[in-house]
Amino acid sequence: MTTTPRELSCADDYDPNSMPVERARNFIASLLAPIAGSERLHLRAALGRVLATDLVSPIDVPGHDNSAMDGWAYRHADTHGTEGTTPMRRVGESFAGKPWLGTPGRGECVRIFTGAVMPAGCDTVAMQERVSVDGDAIHIPNGQPAGQNRRFRGEDLKAGAVAVTAGTLITPAVLGLIASLGIGEIDVYRKLRVAFFSTGDELRTIGSTLGPGEIYDSNRYTLYGLLERAGCQPIDLGNVVDDPAAIRAAFTAAAAQADVIITSGGVSVGEADFIKQMLDEMGEVLFWKIAMRPGRPLAVGRIGSAMFFGLPGNPVSVTVTFYQFVRSALATLQGRRDHQMPPTVRARLSHPLRKVAGRTEYQRGVLRLGEHGYEVRTTGDQGSGILSSMVQANGFVVLAAETGNLDAGSEVDVQMFEGVI
Ligand code: AMP
Ligand code: MG
C-alpha cells in the first residue's frame, strides 16, 4: 500500500458528503496492491485464475511452415505470368501429421492438406478448387501471390518469447494457447479470500421463522454469487446484530482470515457512528456519501492488513456498489493487470426518463436489439430495495451526474450485467 486513507484524507480536499463516482474509483485504486502468494495448478484447474509469472514459450508455434488450405504446394517461381495455368507433376502427398519428406524439383508439386508441413523448397499453396487435375498432370493457376496459403513456423508464438504475461486472466482462449505450447501446469495467484457479513437486528437466516418486522438476509447470497463469479474464495461470516461488541468480534474474525472484508448495512447516518468509532480503533477507514443513486453511503479502507468495503444495506445498493467499485478492486488485488469495467452498450431510451441532476444514477434496464439498434427500457420502480428489478434487468442505465430528464429516443450508456451479476 502506498498511501493510507488518513494521509489522503488530509492531503486531498475531497468532500466526503458528496464524492463523485470517478473520484472514489481513483481513490480506491490508489490503495490497492496485488496479493503475494501463488500455487501451481493443472491447466484445467486454472480456468478463471490469474497467471502469476510470465509464461515463456518453449517452442515455436506452429513448429513448421504449413499449409492453410487443402490444395497443392509448389514453388512460386515455377509459374509464369498472371494468366492461365502451369502444368506440373505430382510427386507426393503431405498430410497433417504425416509430412512428405522429399524435395520437389523444378515443375513438381505436392498434394497438401490443411496443417500439413510445407515440403522443402515449396513456398505457395494453390487451393484445390483452383487446380485442375488430370492424372499426374496438375494445372496450377498462374498469378497467385507468392507465399499464398502458407503459414510460417512460429507465426503464432516464437520459442523464448513471452506467450502470456503475468496478471492475465486465464480464459478458455488462454487455456488453449498454453496447451498449444505443451505446458500442462502453470503458476497462478492464490485465490483472494473475501470475508463478508451482514449487519442488522432485523435480519434472519434462511430456515428460521420471521418475527414482526424481520426479513431474510438476502445480501449474503448476492455477495456470495458476486464473489464466486469474480473468482474469489467467499468466506460467509453470517449476519451480525447491531451491537458494537458483536460487530467488533466479527471484524476481528474477518481480519484474521481474509484479504478483503465486505459488510452490508450499518453505514448509513446514525448506524455508522459506532461502526466508525470502532473502525477508527481497528484500522483506517473513510466514510463517504457517494454522489450516486442507489448506493450512497460507502466505507472504504483497511482493517489490519485486509481491505475493507462497507456497502449499504439495501439489496440493490449492494450490487450497484459492488459493480462500480468492489469488482475492479478485487481484480487488482487478485493480480489482474488487464482488468477493465465490463463493456457498456450505447442504446436509445424506449421511453422518457426522469432524473434529478447532481448524482450519477444506475437505473435497472432491459436492453434489447430492436430494428434500429439497441433499445433500453427501465424496470419500473427503481427503489433500492426492489430486488425483482435487478432480476428483470440485464444492465444498468448509467445517467451521468449532470444529466437531467431525458426524452424517449435519447442515447444512454448501459453497463451490461453479463458475467458479473
Ligand atoms: P441499512 O443500510 O442497514 O440502513 O439498511 C438499509 C435497508 O436495507 C433496510 O431496509 C434493511 O432492512 C435492508 N437490509 C440491510 N441488510 C440487509 C440484508 N442483508 N438483506 C436484506 N436486506 C437488508
Ligand atoms: Mg441496518
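The domain assignment of the chain divides this predicted model into four parts. Domain 1 is built from two separate stretches, residues 5-37 and 190-333, and domain 2 likewise combines residues 39-61 with residues 157-188. Domain 3 covers residues 66-151, while domain 4 runs from 344 to 416. A distance helps to place two of these parts in space: the C-alpha centres of domain 1 and domain 3 lie 65 Å apart.

A good place to start reading the fold is an open sheet of six strands, arranged in the order 7-4-6-5-9-8 with mixed pairing. Strand 7 (124-127) and strand 8 (132-134) each have a single partner strand, so one side of each is left without a neighbour in the sheet. From one strand to the next, the twist averages 40°. Inside this sheet, strand 5 (residues 85-94) and strand 9 (residues 137-141) run antiparallel and are joined by five bridges. To follow this pairing residue by residue, one can look at P87, which stands opposite H139 in strand 9. As a general reminder, strands of a sheet pair through backbone hydrogen bonds, in either a parallel or an antiparallel manner.

Another open sheet of six strands follows the order 16-13-17-21-20-18, again with mixed pairing. Its edges are formed by strand 16 (233-240) and strand 18 (283-289), each of which pairs on one side only. Neighbouring strands here are turned against each other by 15° on average, with direction ignored. Strand 20 (residues 297-303) and strand 21 (residues 306-311) are antiparallel and share five bridges; within this pair, R302 has M307 as its bridge partner in strand 21.

Helices add a further layer to the picture. Helix 5 (residues 244-257) packs on the sheet and touches strand 13 (193-199), strand 16, strand 17 (260-264), strand 20 and strand 21. The direction of helix 5 makes about 170° with that of strand 16. Helix 7 (residues 315-333) also packs on the sheet, in contact with strand 13, strand 17, strand 20 and strand 21, and the direction of helix 7 makes about 170° with that of strand 21.

The model also holds a ligand, ligand 1, with 16 residues around it. Those that come nearest are E202, D217, S218, E271 and G313. Some polar atoms can be pointed out individually: an N or O atom in the side chain of E202 is 2.6 Å from an oxygen atom of ligand 1. Backbone atoms take part as well, with an N or O atom of G266 lying 3.1 Å from a ligand oxygen and a polar backbone atom of N314 at 3.3 Å from an oxygen atom of ligand 1. On its own, ligand 1 has 490 Å² of accessible area, and the protein covers 77% of this.

Towards the end of the chain, strand 22 (residues 344-349) has pairings of both kinds. With strand 26 (residues 411-416), strand 22 pairs in the antiparallel sense over five bridges, and T344 has Q415 as its bridge partner there. With strand 24, strand 22 pairs in the parallel sense over two bridges; here R348 is matched with E375. After strand 24 (373-378) comes a loop that leads to helix 8 (387-392) and contains Q382. The side chain of Q382 makes a polar contact of 3.3 Å with that of T379. Apart from neighbours within four places in sequence, Q382 is in contact with Q363 and R364.

Definitions and conventions
Residues numbered from 1 in each chain as written. Chains lettered and ligands numbered in written order. Predicted model: local features only at pLDDT ≥ 70, side-chain atom pairs only at ≥ 80, totals over all residues. Heavy atoms only, no water. Pairing = 2+ DSSP bridges. Helix = DSSP H or I, 4+ residues; strand = E, 2+ residues; numbered from the N terminus. Axes fitted to C-alpha atoms, helices over the stretch in contact; angles between N-to-C directions. Contact = heavy atoms within 4.5 Å. Polar contact = N/O pair within 3.5 Å; in protein donor to acceptor, adjacent residues only side chain to side chain. Domains from an automatic or database assignment. Near = heavy atom within 4 Å. Areas by Shrake-Rupley, 256 points an atom, 1.4 Å probe, with all protein chains shown as cover.
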